[in-house]
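Student: I would like a close look at one part of this model, the sheet and what packs around it. Please take it step by step.

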Amino acid sequence: MLTLVGQRWPVMVLQVLANGPLRFNELRRATAPVTQRMLSASLRGLERDGLITRTVYPSVPPKVEYELTEAGRTLNVALYNIADWADANLETVTAARAAYQAG
């Protein structure tokens, strides 16, 4: 799971889907400049891990939507907490790095 959190595109997809279900091209626009290949791989991985669902609607052309599962929603909460921590501690970490380099 830590590997997932360290990847750019899956985390971005999770954050974008926090606003509700989206179709592939809507996700692609919202996560630009992600490539189609990388977005597809990210979606497959998130679906495999149970963080999103993929719903195919019987229409022509087929309509496919992606949406967060409950696990995906709770992971998003954790990701936002990490981002808040990073914002609150940026100066402390920057100062520690400078002291380490000088030391």
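Tutor: Start with the pairing of S1 and S3, which is antiparallel and runs over two bridges. One residue pair can be named here: Leu22 has Tyr66 in S3 as its bridge partner. The model is a predicted one, and what follows should be read as a description of that model.

The sheet as a whole is open and has three strands, in the order S1-S3-S2, with antiparallel pairing. Strand S1 (22-23) and strand S2 (52-57) are the edge strands, each pairing on one side only. In general, strands of a sheet pair through backbone hydrogen bonds, and the sense may be parallel or antiparallel.

The loop between S2 and S3 contains Pro61. The peptide bond from Val60 to Pro61 is cis, with omega near -5 degrees. A cis peptide bond also joins Ala32 and Pro33, where omega is about 15 degrees; Pro33 is in the loop between H3 and H4.

Next, the packing. H2 lies across S1, S2 and S3, and runs at about 95 degrees to S3. The largest nonpolar core has 21 residues, and those with the most contacts inside it are Leu14, Leu17, Leu27, Leu43, Ile52 and Tyr66. Two or more residues each are given to this core by helix H2 (8-17), helix H3 (24-30), helix H4 (36-48), strand S3 (63-68) and helix H5 (70-102). H2 supplies the largest share, six residues. Nonpolar side chains tend to be buried together in soluble globular proteins.

Leu27 shows how this core is joined up. Setting aside neighbours within four places in sequence, Leu27 is in contact with Val13, Val16, Leu17, Leu22, Leu39, Leu43 and Tyr66. Both residues of the bridge pair named above, Leu22 and Tyr66, are thus among the contacts of Leu27.

A polar residue also deserves a look. Ser42, which is in helix H4, has a relative accessible area of 6%, so it counts as buried, the cut-off being under 20%. Apart from neighbours within four places in sequence, Ser42 is in contact with Trp9 and Pro10.

Last comes H5. Its buried residues include Gly72, Leu75, Asn76 and Leu79. At 1.5 Å a residue, the 33 residues of H5 should span 48 Å, and the end C-alpha atoms are 46 Å apart, which agrees. H5 nevertheless bends by about 60 degrees at Asn89.

How values were computed:
Residues numbered from 1 in each chain as written. Predicted model: local features only at pLDDT ≥ 70, side-chain atom pairs only at ≥ 80, totals over all residues. Heavy atoms only, no water. Core = buried A, V, L, I, M, F, W, Y, C linked by side-chain atoms within 4.5 Å. Buried < 20%, exposed > 50% of the residue type's maximum accessible area, 1.4 Å probe, protein only. Helix = DSSP H or I, 4+ residues; strand = E, 2+ residues; numbered from the N terminus. Contact = heavy atoms within 4.5 Å. Expected span 1.5 Å × (residues − 1). Bend = angle between axes of the 7 residues up to and from the residue. Pairing = 2+ DSSP bridges. Axes fitted to C-alpha atoms, helices over the stretch in contact; angles between N-to-C directions.
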